[in-house]
Amino acid sequence: MAQEESARDKPLYMISVAAELTGMHPQTLRVYEQKGLVTPGRSRGNTRLYSQSDIDRLNLIARLTDEGINLAGVVRILDMSERAVERDAQIDELRARVRQLEDEVHEFRMRERITALAPYEGAGPEQVMRKLLGSSQDE
């Protein structure tokens, strides 16, 4: 998944191609960059290069503005969306950690049970069984 994500973030498209792919005017892309809505990469010659992630983001911006949402609203929606993605990743990490801890607790309990089943030094079979069963017959 990390490889797929990095491939999507690789700057590939010049502004003319990005404009064509999104149906936007190149000047609109420049304005969106100035407003911080998109941050294209740059070539050695300082040419803007847009990644597939940038294209997807621009298409989302276009859909939102077509629905009548102004750029301030778009900024808030994009921010909330990014925060939700980050929280989802944190939740996935926490779930994995909980599973790991549950496995460790299970292993610990199994070891306790196994240790409890080990014969006690100097005890006969009847005493071991009474101890394991929690019986008070030896009182």
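Start with the charged pairs: counting every side-chain nitrogen of Lys or Arg within 4 Å of a carboxyl oxygen of Asp or Glu as a salt bridge, you get six salt bridges. Before clicking on, note that this is a predicted model, where local features need pLDDT of at least 70, side-chain atom pairs count only at pLDDT 80 or more, and totals for chains, interfaces and linings use all residues. Residues are numbered from 1 along each chain as its sequence is written, and side-chain values use heavy atoms, with hydrogens and water left out.

**The whole chain**

Colour by secondary structure. The protein chain has six helices and three strands, where helices (H or I, at least four residues) and strands (E, at least two) are DSSP runs numbered from the N terminus. Reading from that end, the order is α-β-α-α-β-β-α-α-α. Of the 139 residues, 17% are buried; here buried means under 20% relative accessible area, exposed means over 50%, and partly exposed is in between (1.4 Å probe, protein chains only). About 10800 Å² of the chain is exposed, and carbon and sulfur atoms supply 52% of that. Those areas come from the Shrake-Rupley method with a 1.4 Å probe, and for residues only the protein chains shown count as cover. Among contacts (heavy atoms within 4.5 Å) with a separation of 6 or more, 49% are between residues 24 or more positions apart.

**Salt bridges**

Select Arg8 and Asp56. Their side chains form a salt bridge at 2.0 Å, N to O. Arg8 sits in helix α1 (residues 2-8) and Asp56 in helix α4, so to speak distant parts of the chain, 48 residues apart. Both ends are partly exposed: Arg8 has a relative accessible area of 32%, and Asp56 has 30%.

Next, pick Arg57 and Glu82, whose side chains meet in a salt bridge of 2.5 Å, N to O. Arg57 belongs to helix α4 and Glu82 to helix α5, so this pair ties together parts 25 residues apart in sequence. Arg57 is partly exposed at 23%, and Glu82 is partly exposed at 35%.

Now slide along to Arg111 and Glu107, a salt bridge with its closest N and O atoms 3.2 Å apart. These two are four residues apart in helix α5, which means about one helical turn separates them. Arg111 is exposed at 54% relative accessibility, whereas Glu107 is partly exposed at 38%. Then show Glu33, Arg42 and Arg48: salt bridges that share partners join them into one network.

**Helix α3 and the core**

Glu33 leads you into α3, where Leu29, Tyr32 and Glu33 are buried. Look down the axis of α3: the buried residues fall within an arc of 100°, so they line one face of the helix. That arc is taken over the directions from the helix axis to the C-beta atoms. Show the surroundings, and you will find these buried residues packing against α2, β2 (41-42), β3 (48-50), α4 and α5.

Which residues have the most contacts inside the largest nonpolar core? They are Leu29, Tyr32, Tyr50, Leu58 and Ile61, in a core of 16 residues. Elements giving two or more residues to this core are α2, α3, α4 (52-66) and α5 (71-117), and α4 gives the most, with five. A nonpolar core here is a set of buried Ala, Val, Leu, Ile, Met, Phe, Trp, Tyr and Cys residues joined through side-chain atoms within 4.5 Å. Centre on Leu29: leaving out residues up to four places away in sequence, its contacts include Ile15, Val38, Tyr50 and Leu58.

**Pro26, Val17 and two positive phi angles**

Pro26 is in helix α3 (residues 26-34) and is partly exposed at 23%. Beyond neighbours within four places in sequence, Pro26 contacts Ile15 and Ala19. Draw a C-alpha to C-alpha distance from Pro26 to Ser16: it reads 6.4 Å, with their positions 10 residues apart in sequence.

Move to Val17 in helix α2 (residues 15-22), partly exposed at 35%. Together with Met14 and Leu21, Val17 makes a nonpolar surface patch of about 260 Å². Patches use residues with over 30% relative accessible area and no salt bridge, joining like charges within 9 Å and nonpolar side chains (Val, Leu, Ile, Met, Phe, Trp, Tyr) within 5 Å.

Finish with the backbone. Gly36, just after α3, has a positive phi of about 80°. Asn46, in the loop between β2 and β3, has a positive phi of about 70° although it is not a glycine.
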